[in-house]
Amino acid sequence: MDRIVIEGGTRLAGEVRVSGSKNSTLALIAAALLADGTTILRNVPRLRDIETMLQILEALGVPAGWDPELPSALRIEGGAGVRNPEAPYDLVRKMRASFLVLGPLLARCGTARVSEPGGCAIGVRPVDQHLKGLRALGAKVRLDHGYVDASGPRLRGARVAFDLSTVNGTQNVMMAATLAEGETVLENAAREPEVVDLARTLTRMGADIRGAGTDRIAIRGVSRLAGVEEDVPGDRIEAGTLLAAGIISRGDVRVVGIDPAQQKSVLQKLSEAGAEVSVEADAVRARAADRVRGIRVVTAPYPGFPTDMQAQLMAVLTLASGSSVVTETVFENRFMHVPELRRMGADVTVDGRSAHVRGVPALSGAPVMATDLRASAGLILAGLAARGRTTVSRVYHIDRGYERIEEKLRSLGAVILREG
Ligand code: EPU
């Protein structure tokens, strides 16, 4: 099994381009099922999670795959070809985002059977809000032997008030509503950029959606949607991770191919910790000549500080002067990087939803184990700054969400390689 080996202690410097957003792409692949005709997505990252989503479409009978003529592009035939609206357990269990096909399948086929995703390493992660929304649109939803069975030959627009902010829940119900009769209003909708990206693409397909990016989204159903060609925007979490890599190494990194407006909460925390941050039209540069300072950070739905950057920021704060408190409010079990960071000499204790991080002057390289995608990113960052060699095993977690991470870090001067 692959491992990533890092010789810590080099200062990262230079410019790096981010790949397309993983989480936007996953929703856009599901959205392609709503269209008549072919959808082409460009700037798609080559990641395990994307491959899993393509396998789901294949299982549904929809031809979908990498375009042989265009670089980093997917070609997805529309949902008219769905032969069997069922997403099997074996694929859904690999990646929860596969549950995003439920709304489009229901809207297209009037019926869908999708395995319940179950919990995962970072938390229980129920799907009750997805189901609440689809039921409000008139679908009959029943749980049957670990599967969600949904039927609704004629979905009707309705008011859906989510009990909490859910990104994929908002996306799933929004997609179903595009082909429902009449108007749907989503209240307490998630405001994440990935929801806005999805709404923009659906609108280009012919959907009538207003308010994406606010907590109230109105969708007027239309009778059909058409395939489109779309560029996937840059990945805001990859961008934040690469900036944090620069800072933890006391380097100077410029990340290009992003919308800096989406990075506000992350940049604010990096500045508060003492990094020098400058923003351009589609790039951000962050420098840190000295030790960063301890800060307080609380994860929250967008525009708050993203839970997907919590492990990476914590890695940076392990080396701060002074103490930090990192509070995780989105997922209940997202501190699995803490025991691994401690093995590298970090001084972190977890107390309920908060981690208390007392900065240490140096980390020491160690063999560590990745437990989930963002935790493994945090460990790689710690390895970049640690004295000596760090070996991160279970690299498949990182391959779910970071495209060629070791090459990108190497291009900035890191001493990092992958061992088979
Ligand atoms: N929740 C419920 N009921 C629901 C849905 C969600 O209780 O029906 C809870 C969750 O258990 C969690 C909270 O609501 O405690 C927020 O979860 P959300 O639904 O927003 O998460 P998600 O849509 O399943 C997406 C990203 C995650 C990211 C979260 C939060 C994708 C494919 N995944 O998940 O990305 O952490 O939003 O921003 O878009 C990652 O990329 O590493 C990743 C985990």
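Me: Helices (H or I, at least four residues) and strands (E, at least two) are DSSP runs numbered from the N terminus; which helix, on that basis, gives the largest share of the shell around the ligand?

Reply: That helix is α5, which contributes three residues. The model is a predicted one, in which local features need pLDDT of at least 70 and side-chain atom pairs count only at pLDDT 80 or more, while totals for chains, interfaces and linings use all residues. Residues are numbered from 1 along each chain as its sequence is written, and side-chain values use heavy atoms, with hydrogens and water left out.

Me: What makes a residue count as near the ligand, and how many residues surround the ligand?

Reply: A residue is near a molecule or strand if one of its heavy atoms lies within 4 Å of it. The ligand is surrounded by 21 residues, the closest being Gln129, Thr166, Asn168, Asp308 and Val330. At least two residues of the shell come from each of α1 (22-32), α5 (128-136), α6 (167-178) and α12 (373-385).

Me: Why is the ligand said to lie between domain 1 and domain 2?

Reply: Domain 1 (3-19 + 234-419) and domain 2 (22-231) both give residues to the shell, so the ligand lies between them; the bounds come from an automatic or database domain assignment.

Me: What makes the approach of Val330 to the ligand a polar contact?

Reply: A polar contact is a pair of N or O atoms within 3.5 Å; within protein, one must be able to donate a hydrogen and the other to accept it, and residues adjacent in sequence count only if both atoms are side-chain atoms. A polar backbone atom of Val330 is 2.6 Å from an oxygen atom of the ligand, and 2.6 Å falls within the 3.5 Å limit, so the pair qualifies. In the side chain of Lys22, an N or O atom is 3.0 Å from an oxygen atom of the ligand, and for a polar side-chain atom of Asn23 the distance to a ligand oxygen is 3.1 Å.

Me: Why is Thr170 called buried or exposed?

Reply: Buried means under 20% relative accessible area, exposed over 50%, and partly exposed in between (1.4 Å probe, protein chains only). Thr170 has a relative accessible area of 0%, so Thr170 is buried. Thr170 sits in helix α6, and a polar atom of its side chain lies 3.1 Å from the backbone nitrogen of Ala190. Of the 420 residues of the protein chain, 57% count as buried.
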